[in-house]
Amino acid sequence: MSRYAVNSLLYQLKKDPAFRARFVADPAAAIAEADLTDAERAAFVARDMRRINELGGYLHLVMSIPGLAAHAQPRRTR
Amino acid sequence: MGKIVFAAAMSHVLDPEYYERACGVTGRQKVEAAMREIAAMGTRLAATTADALVVVADDHLNAFSFTCVPAICVRIGRTVPRMSQDHAEAFDRVLEHMPTIYPLHEALAGAVLEQGVAAGFDLALSWEAPVDHAFLSPVNTLHGTRPIPPLVPIWVNCFVAPQPTARRCFAFGQHLARVVAASPWRVGIIATGGLSHFPELSLARVGETDTVFDRRLIHWIERGEHEPLLDLTGDELHKSGSHEFLNWMVLLGAVTPARALVRYFGELPRINLAAVEWSLG
């Protein structure tokens with residue numbers, strides 16, 4: 001798992017509106033140069049934030065990227 | 001001789017709209033109840049006419065990114081800006097209506113940093129890092145329309161493993177108390193975040209909390225029994241979703257053995273909201 005690459009990409013998506021726009025237009029092209037595993041690349045291309053989180057993406061990033069943020073539903077207390 | 005004149009800890013997304021979106025009407029009602037208690041605490045803080053307010057909080061990968069993630073960082077300088085975020089989502093939206101620049105107590109921040117390094121704390125420093133909701137939601141809720149005193153923002157790395165230990169955070173809080181005692185200033189201190197939410201930082205587990213764990217923490221802080229808390233492990237905090245209790249550990253070190261007064265504790269599916277004040281005598 002390339003934890004740094006996943007999170008660096010998430011951070012760039014959050015903080016760089018121009019990069020985010022390129023990603024929204026063509027995810028595969030936008031991340032072509034990123035050092036990702038096949039699974040990580042597939043998750044980004046699918047914009048699957050839950051999968052990205054499972055692969056090591058920090059929760060606060062996957063929940064706060066403008067326009068791409070995961071919006072989890074309440075579950076339960078214990 | 002200086003003195004800590006106010007100490008409190010509280011949740012740090014203090015926004016009814018956020019909780020209504022996340023938890024429905026009950027979420028709104030509970031955060032409004034917490035905010036009322038925090039505003040009342042702010043009235044008591046204002047009555048102390050504190051010279052400075054130390055704010056111990058965490059970064060949500062906003063200020064530090066992956067260039068560097070300091071274990072503990074002291075913000076120095078004369079002012080500190082609010083974080084900016086285009087098209088803010090979720091907890092970032094909480095910031096939008098808040099002032100964009102805040103005064104910083106340069107002399108106290110410098111003393112915490114310089115005396116800390118001299119005492120063996122390898123502190124990071126920043127002149128430029130902005131502060132996010134973890135700092136500003138509590139600060140603005142405490143102060144309302146009153147002037148905000150000069151801040152001393154201190155970050156604790158609560159989320160990016162390996163985090164500093166609970167014991168180390170407590171020791172750093174004791175350092176803060178020594179610095180204040182040797183200073184000429186009357187100082188307030190708050191710690192923010194929590195309680196239990198986002199266990200294991202897993203999106204699949206957002207919506208779970210560990211109330212049993214939180215009640216254990218509260219049991220100890222109400223009694224001023226801080227020794228058991230020193231042995232809290234990173235694994236315990238991660239699994240329970242109480243990562244941000246490390247901020248509280250700093251405050252506990254600063255006020256130990258004072259007892260906590262729980263002003264508000266409210267369970268929600270997403271998070272256990274809390275507002276706690278210490279009786280400093």
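Is Phe198(B) buried or exposed? At 4% relative accessibility, Phe198(B) counts as buried, because the cut-off for that label is under 20%. Keep in mind throughout that this is a predicted model.

## Odd backbone spots in chain B

Phe198(B) has another quirk: its phi is near 55°, a positive value in a residue other than glycine. You'll find Phe198(B) in the loop between β8 and α5 of chain B. That loop also holds Leu195(B), and the peptide bond leading from Gly194(B) into Leu195(B) is cis, with omega near 0°. For anyone tracing the backbone here, β8 spans residues 186–192 and α5 spans 211–223.

There's a cis peptide bond between Ala161(B) and Pro162(B) too, with omega at about 0°. Pro162(B) sits in the loop between β7 and α4 of chain B, where β7 covers 151–156 and α4 covers 166–181.

## A helix wrapped up in chain B

Now for α3(B), which runs over residues 133–143. Here 11 of the 11 residues are buried, so the helix is largely enclosed by the rest of the structure. The buried set mixes residue kinds: Phe135(B), Leu136(B), Val139(B) and Leu142(B) are among them, and so are Ser137(B), Asn140(B), Thr141(B) and the two histidines, His133(B) and His143(B). Pro138(B) is in there as well.

What does the covering of these buried residues include? On the strand side of the list there are β1 (3–10), β2 (52–57), β5 (101–103), β7 and β8 of chain B, and α1 (16–47) of that chain is included too.

Both ends of α3(B) have something to look at. At the start, a side-chain oxygen of Asp132(B) reaches to within 3.0 Å of the backbone nitrogen of Ala134(B). After the helix comes Gly144(B), with a positive phi near 55°.

## Around Trp185(B)

Trp185(B) is in the loop between α4 and β8 of chain B. Leaving out residues up to four places away in sequence, Trp185(B) touches Gly2(B), Lys3(B), Asp51(B), His105(B), Ala107(B), Leu108(B) and Val180(B). His175(B) lies 10 residues from Trp185(B) in sequence, and their C-alpha atoms are 15 Å apart in space.

## Chain A, helices and no strands

Over in chain A, the tally is 6 helices and 0 strands, so to speak an α-α-α-α-α-α run from the N terminus on. Of the 78 residues in chain A, 47% are buried. As for how the chain folds back on itself, take the contacts between residues at least 6 apart in sequence: 51% of them join residues at least 24 apart.

Helix α4(A), residues 38–45, has Glu40(A), Ala43(A) and Phe44(A) as its buried residues. Why do these residues end up on the same side of α4(A)? They cover an arc of only 95° around the axis, and that places them there. Their packing partners in chain A are α1, α2, α3 (27–30) and α5.

Just after α4(A) comes Arg47(A), with a positive phi of about 55° although Arg47(A) is not a glycine. Arg47(A) belongs to the loop between α4 and α5 of chain A. With a relative accessibility of 37%, Arg47(A) counts as partly exposed.

## Where the two chains meet

The interface brings 32 residues of chain A into contact with 34 residues of chain B. About 2,900 Å² is buried between the two chains, with carbon and sulfur atoms giving 57% of that area.

Polar links are there too. The interface has 9 residue pairs in polar contact and 2 salt bridges. One of those salt bridges pairs Lys14(A) with Asp92(B), with the closest N and O atoms 2.6 Å apart. On the chain A side, the elements that give two or more residues are α1 (3–15), α2 (17–25), α5 (49–54) and α6 (59–62). Of these, α1(A) gives the most, with 7 residues. Sorted by class, the chain A side has 15 nonpolar, 9 polar and 8 charged residues.

Notes:
Residues numbered from 1 in each chain as written. Chains lettered and ligands numbered in written order. Predicted model: local features only at pLDDT ≥ 70, side-chain atom pairs only at ≥ 80, totals over all residues. Heavy atoms only, no water. Contact = heavy atoms within 4.5 Å. Buried area = accessible area lost by both parts, 1.4 Å probe. Salt bridge = Lys/Arg side-chain N within 4 Å of Asp/Glu carboxyl O. Polar contact = N/O pair within 3.5 Å; in protein donor to acceptor, adjacent residues only side chain to side chain. Helix = DSSP H or I, 4+ residues; strand = E, 2+ residues; numbered from the N terminus. Nonpolar A, V, L, I, M, F, W, Y, C, P; charged D, E, K, R; others polar. Buried < 20%, exposed > 50% of the residue type's maximum accessible area, 1.4 Å probe, protein only. Arc of directions from axis to C-beta.
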